[in-house]
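Let's take a walk through a protein chain together. Keep the picture beside you as you read, and look back at it whenever a strand or residue comes up.

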Amino acid sequence: GQGDTRRFRITADPVVASGRIFVMDSKSTVSAVSLSGEKLWSVNLTPDRDRESDAGGGGLAFGDGKLIVTSGFGNLLALDPATGAEIWSQDLNAPTTGTPSISRGLVYVVGGDNVAWAVNSDSGRVVWQLDGAQGISRVAGGPAPAVGEDLVIFAYGSGELQAAFRKGGARRWDAIVAGQRRGIAATKVSGITGDPVIAGDKIYAGSYSGRIVALNADSGARLWTAKDGALGPVWPAGGSLFAVTDRNELVRLDAESGERIWGTRLPFFVREDRRRRVEIVAHYGPVVAGGRVIVGSNDGLIRSFDPVTGAQLSAVEVPGGSTTNPIVAGNTLYIVSSKGVLHALR
């Protein structure tokens with residue numbers, strides 16, 4: 001598909017389901033690829049009244065036998081995973097590139113205007129909506145809602161986390177991931193970038209401004225705060241949390257206290273010369289699989305680390321570098337490069 005450009009980025013992580021890998025490029029084309037690497041179908045989601053260059057980005061999810069897609073054109077769609085045919089479409093009235101979630105008959109997503117939606121997965125009809133606090137910024141390909149047994153957790157560009165009852169949409173609690181990193185800051189983005197993750201009775205989430213928090217899932221009460229931001233979802237494993245931070249470190253935190261166990265520095269600036277520090281290396285992940293912690297980066301390498309010590313174990317070259325979070329299914333790691341190429345690694 002179309003790779004990254006200055007105006008458009010690939011924001012959708014691959015999804016593996018029903019014996020297929022589903023991907024979305026930077027120009028709103030969704031494709032299905034077989035496990036052997038054969039392209040099965042492609043469909044461009046640009047509406048008839050728009051041009052392909054008018055918007056980009058989006059997210060993917062799979063559930064209830066459907067592929068759910070968001071797009072920068074403001075549509076939430078359900079596609080037939082076998083053919084790519086449209087099953088239904090819902091206009092969200094705002095550019096929406098955030099990742100959707102689907103669970104037990106409902107699709108959840110946060111629109112670009114900070115409105116949370118719950119949509120029936122069979123018909124596409126709106127079941128309920130919630131308004132979040134307005135923020136001045138929101139990252140493309142925003143965080144996916146986390147769905148628990150009774151609650152769904154939404155994350156907003158303002159730094160707000162909001163819990164609502166999954167079926168009726170009644171608001172349970174609100175929490176703010178507040179605080180800013182002092183000293184060197186790449187940007188001043190307060191939004192949630194580390195998707196909320198539910199693990200037992202706790203919720204973990206992080207912001208680009210230098211904070212990872214643990215909240216009580218039932219009340220939203222703050223349990224601890226770590227002064228490291230998460231660029232993507234934290235990964236709970238073995239009583240620890242693994243995350244890539246806003247300072248380009250891979251860190252391991254104690255899941256109960258938030259205390260740092262170790263941190264391993266990842267490449268930061270593309271050019272380390274102080275006069276040329278204008279571009280930062282992007283890192284995606286982490287994924288814990290095969291007894292290692294895996295991080296994809298746009299400098300052309302996928303790196304693996306020892307989860308106990310943080311020492312680097314290996315590095316595999318990916319032409320063009322990574323532009324999505326790596327995913328693992330069936331002992332295979334899938335990742336999309338900035339050139340719009342899907343790579344599968346054993």
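How many helices and how many strands make up the secondary structure of the chain? The chain has zero helices and 31 strands. Both kinds of element are DSSP runs numbered from the N terminus, with helices (H or I) needing at least four residues and strands (E) at least two.

Before going further, a word on ground rules. This is a predicted model, where local features need pLDDT of at least 70 and side-chain atom pairs count only at pLDDT 80 or more, while totals for chains, interfaces and linings use all residues. Residues are numbered from 1 along each chain as its sequence is written, and side-chain values use heavy atoms, with hydrogens and water left out.

Now for the overall build. The C-alpha atoms fill a box of roughly 50 × 45 × 40 Å along the principal axes. The radius of gyration (taken over C-alpha atoms) is 19 Å, close to the 20 Å from the globule rule for 346 residues, so the chain is as compact as a globular protein of that length. That rule is 2.2 Å times the number of residues to the power 0.38. Of the 346 residues, 55% count as buried; buried means under 20% relative accessible area, exposed means over 50%, and partly exposed is in between (1.4 Å probe, protein chains only). The chain exposes about 14900 Å², and carbon and sulfur atoms supply 47% of that. This area comes from the Shrake-Rupley method with a 1.4 Å probe, and for residues only the protein chains shown count as cover.

Let's start near the beginning of the numbering. Four strands make an open sheet in the order E1-E2-E3-E4, with antiparallel pairing. Strands E1 (15–17) and E4 (39–44) sit at the edges with a single partner strand each, so one side of each is left without a neighbour in the sheet. On average, neighbouring strands here are turned by 20° against each other, direction ignored. Such angles run from 0 to 180 degrees between N-to-C directions, using axes that are lines fitted to C-alpha atoms (for helices, over the stretch in contact). Two strands pair if DSSP finds at least two bridges between them; E2 (residues 20–24) and E3 (residues 29–34) are joined by five. One of the matched pairs is Ile21 with Val33 in E3.

Another open sheet has four strands in the order E5-E6-E7-E8, again paired antiparallel. Its edge strands, E5 (58–63) and E8 (86–91), each pair on one side only. Neighbouring strands of this sheet are turned by 15° on average, direction ignored. Four bridges hold E6 (residues 66–71) to E7 (residues 75–79), and Ile68 stands opposite Ala78 in E7.

What about the inside? A nonpolar core is a set of buried Ala, Val, Leu, Ile, Met, Phe, Trp, Tyr and Cys residues joined through side-chain atoms within 4.5 Å. The largest one has 15 residues, and Ile153, Leu161, Trp173, Ile192, Ile203 and Leu215 touch the most other members. Strands E14 (151–155), E15 (160–165), E16 (171–176), E18 (202–207) and E19 (211–216) give two or more residues each, with E14 supplying the largest share, three residues. Apart from this core lies another of 14 residues, among them Ala17, Met24, Trp41 and Leu60.

Stay with E19 for a moment. Five of its six residues are buried, so E19 is largely enclosed by the rest of the structure. E18 and E19 pair antiparallel over six bridges, and Tyr204 has Ala214 as its partner in E19. In the three-residue turn of their hairpin, Gly210 has a positive phi of about 105°. E19 is also joined to E20 (residues 222–226) by four bridges, where Ala214 is matched with Trp224.

Finally, look at the hairpin of E30 and E31, which has five residues between the strands. Is Ser337, in the loop between E30 and E31, buried or exposed? Ser337 is buried, with a relative accessible area of 1%. Leaving aside residues up to four places away in sequence, Ser337 touches Ile10, Val318, Pro319, Gly321, Ser322, Thr323 and His343, where contact means heavy atoms within 4.5 Å.
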